[in-house]
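Open your viewer, switch on the cartoon, and keep the sequence panel handy. We will go from selection to selection, with a word on what to look for at each stop.

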Amino acid sequence: MRELNLDRLRTLVTIADLGSFAEAARTLHLAPPTVSLHIADLEALIGAPLLVRKRGEVRPSGAGEVLVERARRLLADADEAMDLVRRQVQGLEGRVRLGASTGAIAHLLPQALEVLGQHHPGIDVQVVVLTSLETVSRLALGTLDVGLVALPMAAVRGVTVMPWRRDPVMAFVPSAWTAPRRVTPQWLAGQPLILNDDGTSLSRLTSEWLALAGEQPKARIQLNYNDAIKSLVAAGYGATLLPHEASTATPLDPRIRMLPVQPRLWRPLGIAHRAGPVERATQHVLDVLWRQKQV
């Protein structure tokens, strides 16, 4: 035996507690020769006697006392580790790494996390702000467990993506502006614009909507934080196109009007996770998210 073995350490500690090889064998449900072998292996590894017999009772030697003390800690740590792993396998505890955009995190995740906290308080969801492409890439690498991604999404090996919800994209304009009841690409292109950063899925979606009408306006500013964009709209800096998540209860700033667009535009989202068996903790997160399905 080249290294310490937890079974042998447990045998040593049990003998030290009970003062008897025979009692230790009964307690551990081992044959007496097996108990003797465990101690012989430990003594051969240590190179010194670990137990001494005095007046019919077995006690640890000096070296044995040191090893018994440390063994108790090792066994307690091992038992705790196994308990934590079992609780994670059972879905009672666990860590789930989730990637999503700032908009999804701000308006879609809070409700799901609240429900999860009520029913599964032992699950820790670690949220990372990422683009959809970054999310799928990290899922494929195994550094994320769940992602909220824009659709359509190109197939990536090892990643499963399913449609989740479809939210309408609306025009957000300063209330002081004179605006039509339905905002068209032509009207919007003639206004100062605040749009999402190039490279985001929402930027691609809105650019295509404008381009289909022959419009390619340049934004006054590009951001990747929807609440900041709305703040600028409220300040009268410009208009924008953003998804409206019907499940969000956040009241709209009175300085902003939210108007439908013509032709209609939708922002589809999907739930992504690593292909194959799903851990219980991850499945609980997925189940809560699926309750917000709106496709």
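## First stop: Ala76 and its helix

Select Ala76: with a relative accessibility of 41%, Ala76 counts as partly exposed. Before going on, please note that this is a predicted model. Ala76 sits in helix 4. For a sense of scale, draw a distance from Ala76 to Ala228, which is 152 residues away along the chain; the two C-alpha atoms are separated by 50 Å.

Now widen the selection to residues 62-89, the whole of helix 4. The helix has 28 residues, and from its first C-alpha to its last it reaches 41 Å, close to the 40 Å expected at 1.5 Å a residue.

Which residues of helix 4 are buried? Colour Gly64, Leu67, Val68, Ala71, Leu75 and Ala78 to see them. An α-helix has 3.6 residues a turn, so residues three or four places apart point the same way. To see what covers the buried residues of helix 4, show its surroundings, which include helix 1 (6-18), helix 3 (32-46) and strand 2 (57-60).

## Second stop: helix 1 and its partners

Keep helix 1 on screen and add helix 2, residues 21-28. Their axes are 8 Å apart, and the two helices pack at an angle of about 125 degrees. At that angle, helix 1 and helix 2 are therefore oblique to each other. Turn the view until one lies over the other: helix 1 passes helix 2 in a right-handed crossing. To see the side chains of this contact, show Arg10, Thr11, Thr14, Ile15 and Leu18 from helix 1, together with Phe21, Glu23, Ala24, Thr27 and Leu28 from helix 2. Coloured by type, the residues of the contact between helix 1 and helix 2 come out as five nonpolar, three polar and two charged.

Next, swap helix 2 for helix 3. How do helix 1 and helix 3 lie to each other, roughly parallel or roughly perpendicular? The axes of helix 1 and helix 3 cross at roughly 105 degrees and come within 9 Å, so helix 1 and helix 3 are roughly perpendicular. On the helix 1 side, the contact is made by Asp7, Arg8, Leu9, Thr11, Leu12 and Ile15; on the helix 3 side, look for Val35, His38, Ile39, Asp41 and Leu42. The residues of the contact of helix 1 with helix 3 divide into six nonpolar, two polar and three charged.

While you are here, click on His29, in the loop between helix 2 and helix 3. His29 has a phi near 60 degrees, a positive value in a residue other than glycine. Is His29 buried or exposed? Its relative accessibility is 74%, so His29 counts as exposed.

## Third stop: a long jump to Gly236

From Ile39 in helix 3, draw a line to Gly236: these two are 197 residues apart in sequence and 81 Å apart in space, C-alpha to C-alpha. Gly236 lies in the loop between helix 10 (226-234) and strand 9 (240-243). With 34% relative accessibility, Gly236 counts as partly exposed. Setting aside residues up to four places away in sequence, Gly236 touches Pro174 and Trp177.

## Fourth stop: Trp209 and two cis prolines

Select Trp209 in helix 9, residues 201-211. Its relative accessible area is 6%, so Trp209 is buried. Beyond its neighbours within four places in sequence, Trp209 is in contact with several residues, among them Val183, Thr184, Pro185, Leu188 and Leu241. Its contacts also include Val261, Gln262, Pro263, Arg264 and Leu265. The C-alpha atoms of Trp209 and Arg264 are 9.1 Å apart, with their positions 55 residues apart in sequence.

Stay with Pro263, in the loop between strand 10 (256-259) and strand 11 (266-274). A cis peptide bond joins Gln262 to Pro263, with omega at about 5 degrees. For another cis peptide bond, go to Leu151 and Pro152, where omega is about 0 degrees. Pro152 is in the loop between strand 5 (146-150) and strand 6 (159-174).

## Last stop: Ala112

Finish on helix 6, residues 109-119, which holds Ala112. Ala112 counts as buried because its relative accessibility is 5%. Apart from residues up to four places away in sequence, Ala112 touches Val288, Leu289 and Gln292. One more distance to draw: Ala112 and Leu269 are 15 Å apart in space, C-alpha to C-alpha, and 157 residues apart in sequence.

Conventions. Residues numbered from 1 in each chain as written. Predicted model: local features only at pLDDT ≥ 70, side-chain atom pairs only at ≥ 80, totals over all residues. Heavy atoms only, no water. Helix = DSSP H or I, 4+ residues; strand = E, 2+ residues; numbered from the N terminus. Expected span 1.5 Å × (residues − 1). Buried < 20%, exposed > 50% of the residue type's maximum accessible area, 1.4 Å probe, protein only. Contact = heavy atoms within 4.5 Å. Axes fitted to C-alpha atoms, helices over the stretch in contact; angles between N-to-C directions. Parallel < 35°, antiparallel > 145°, perpendicular 65-115°, else oblique. Left-handed = near helix turned anticlockwise from the far one by under 90°. Nonpolar A, V, L, I, M, F, W, Y, C, P; charged D, E, K, R; others polar.
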